[in-house]
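Hi there,

Here is the structure I promised to pass on to you. My notes on what I found in it follow right below, so please have a look at both together.

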Amino acid sequence: MNAHEPQDLPAIAGGEPAKRTPFGREKRYGEEELQQLREALEQGSLFYAHGNKVKTLEQQFAQMNGVPYAIACSSGTVGIHSALIATGLSPGDEVITAPITDMGSVIPILYQGAIPVFADLNPHTYTLLPESVEAHITSRTRAVLAVHLWGNACDLHALRDICRRHNLWLIEDCAQAFGCRYASEPVGTIGDIGCFSLNEFKHISCGDGGIVITRNETLARRLRLATDKCYSREPGVTQRNPTFLANNYRMTELQGAVALAQLPKLEGIVARRRRWCEALSERLRGLPSISLPQPTPGCEPSWWFYMLRVVPGALGADADAFAEALRAEGLPASAHYIGQCVYEYPIFTNHSAFERGTHAYSTRSYGKGLCPFAEAILDTCVILSVNEAYTETDLEETAHAIRRVVCWFRQCKGA
Ligand SMILES: *Cc1c(COP(=O)(O)O)cnc(C)c1O
């Protein structure tokens, strides 16, 4: 063997893939869900106001988070919409949010006729930079929608201070952050409202669903109305006397039943993801040319995915080449996450939310260049998908794959 040849050849250079065994997998749904579903059907009604699955889910989720109110709904997106409706967000108002997120964060802002305003992100935690949020506040700003990307909390105390000083609502998008804690408190309880998603891909799921929490009684009452056509459902009586525009965003007893069965599994799911991802960071620490995800100070993330960044000049490979080399090793890796910032989508650059008429966001121009840190994150990031069923072997093989690929690219540089 040539003295300059690397000892540990990566799969892209003809070596054996580092991943020799399939990743751990588990069935998400089982007997507990079936039992709850059977009980829901036996109630004879699948309507939330007549059954007790959704009610029990709401009580238990509120209790787990130490807040008095939880309101279930049909998706994470409409949970955020209901939160915005509850705060009275109106056409022409501005909401400051993050440029790297799911469309579910911004769709509701646009539906309210309001204007999404994008603040930049911390290059290492990938969450909102408080100073950028503050710099974007105008007389029309009404709310900050803080996205806890990858299960890592935003700098919530700084954001809360800013919101208090400027009299803004702080709404937390916790769709990726079930079980995440900030300053020892559950996320979703530090702002005025916290919004969670129960879609198929989140920490816990009922197929599709959402749940929203608050400590504020007035907001809780308006949240309930916002998910149910602004009808008020006193026990036994429905009052049809709507005072504001609200959709049918109700959760059915079937979703409630499955979500109820999933709730007790949450703590274990989060603990296992946390242990695995922290151990991976431990094994990769000090590796040159890549930067590891950094939890926000004071945060215990819940690791919805593991996102690292390459330093292309130092590594000798861009995110695409790095991700391809990791996939060749057998890792579930992909480059660039959502590809481009939300504000680069045609719906923003063309103001094409509606075919005709005027929407307040049309007065604003969107496109590349708005948030340089966020754009740089997407250019250089590689995502590893994470699952609570991943094993110790998965950990060793994953760490080995990343290390050997990094070493190989660095030695190859300029060769
Ligand atoms: C998943 C997700 C949403 C939307 O949730 P749905 O239940 O799919 O509507 C919103 N925001 C973020 C950050 C998400 O990851």
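Trp150 sits in the loop between β4 (141-147) and α6 (156-166); helices (H or I, at least four residues) and strands (E, at least two) are DSSP runs, numbered from the N terminus. Its phi is positive, about 55 degrees, although Trp150 is not a glycine. Trp150 is also buried, with a relative accessible area of 0%; buried means under 20% relative accessible area, exposed over 50%, and partly exposed in between (1.4 Å probe, protein chains only). Tyr126 makes a good companion to look at: its phi is near 65 degrees, again a positive value in a residue other than glycine. Tyr126 belongs to the loop between β3 (115-118) and α5 (130-135), and at 1% relative accessibility it counts as buried. For context, most residues other than glycine have a negative phi, and most peptide bonds are trans.

Before you go further, please note that this is a predicted model: local features need pLDDT of at least 70 and side-chain atom pairs count only at pLDDT 80 or more, while totals for chains, interfaces and linings use all residues. Residues are numbered from 1 along each chain as its sequence is written, and side-chain values use heavy atoms, with hydrogens and water left out.

The ligand may interest you most. Which residues come nearest to it, of the 14 around the ligand? They are Gly76, Thr77, Asp173, Ser197 and Lys202, where near means that a heavy atom of the residue lies within 4 Å of the molecule or strand in question. Three of these residues also have polar side-chain atoms worth checking in your viewer. Thr77 places a polar side-chain atom 2.5 Å from an oxygen atom of the ligand. For Asp173, a polar side-chain atom lies 2.8 Å from a nitrogen atom of the ligand. In the side chain of Lys202, an N or O atom is 3.1 Å from an oxygen atom of the ligand. The cut-off for such a polar contact is a pair of N or O atoms within 3.5 Å; within protein, one must be able to donate a hydrogen and the other to accept it, and residues adjacent in sequence count only if both atoms are side-chain atoms.

Another threonine, Thr87, lies in the loop between α3 (76-86) and β2 (94-97). Thr87 is buried, with a relative accessible area of 15%. A polar atom of its side chain lies 2.8 Å from the backbone oxygen of Leu84. Leaving out residues up to four places away in sequence, Thr87 touches Trp169, Ile171, Ile193 and Leu219; contact here means heavy atoms within 4.5 Å.

Now for the sheets. One open sheet has 4 strands in the order β12-β14-β16-β15, with antiparallel pairing; two strands pair if DSSP finds at least two bridges between them. β12 (290-291) and β15 (333-335) stand at its edges with a single partner strand each, so one side of each has no neighbour in the sheet. Between β12 and β14 (residues 305-310) there are 2 bridges, and the two strands run antiparallel. Ile290 has Val310 as its bridge partner in β14. Helix α13 (residues 372-380) packs on this sheet, touching β14 and β16, and its direction makes about 95 degrees with that of β14. Helix α11 (residues 319-328) lies across β12, β14, β15 and β16 (381-385), running at about 165 degrees to β15. Axes are lines fitted to C-alpha atoms, for helices over the stretch in contact, and angles run from 0 to 180 degrees between N-to-C directions.

A second open sheet has 3 strands, in the order β7-β6-β13, and is antiparallel too. Its edge strands, β7 (185-186) and β13 (299-300), each pair on one side only. Strand β6 (residues 181-182) pairs with β13 over 2 bridges, and Arg181 stands opposite Glu300 in β13.

Helix α8 (residues 253-262) is largely enclosed by the rest of the structure, because 9 of its 10 residues are buried. The cover over those buried residues includes α1 (31-42), α2 (53-65) and α9 (266-284).

How many disulfides does the structure hold? There are 0, a disulfide being a pair of cysteine sulfur atoms within 2.5 Å. The sulfur of Cys195 is 6.9 Å from the closest cysteine sulfur, in Cys174, too far for a bond. Likewise, the sulfur of Cys341 is 6.1 Å from that of Cys371, its closest, and too far for a bond.

Best wishes
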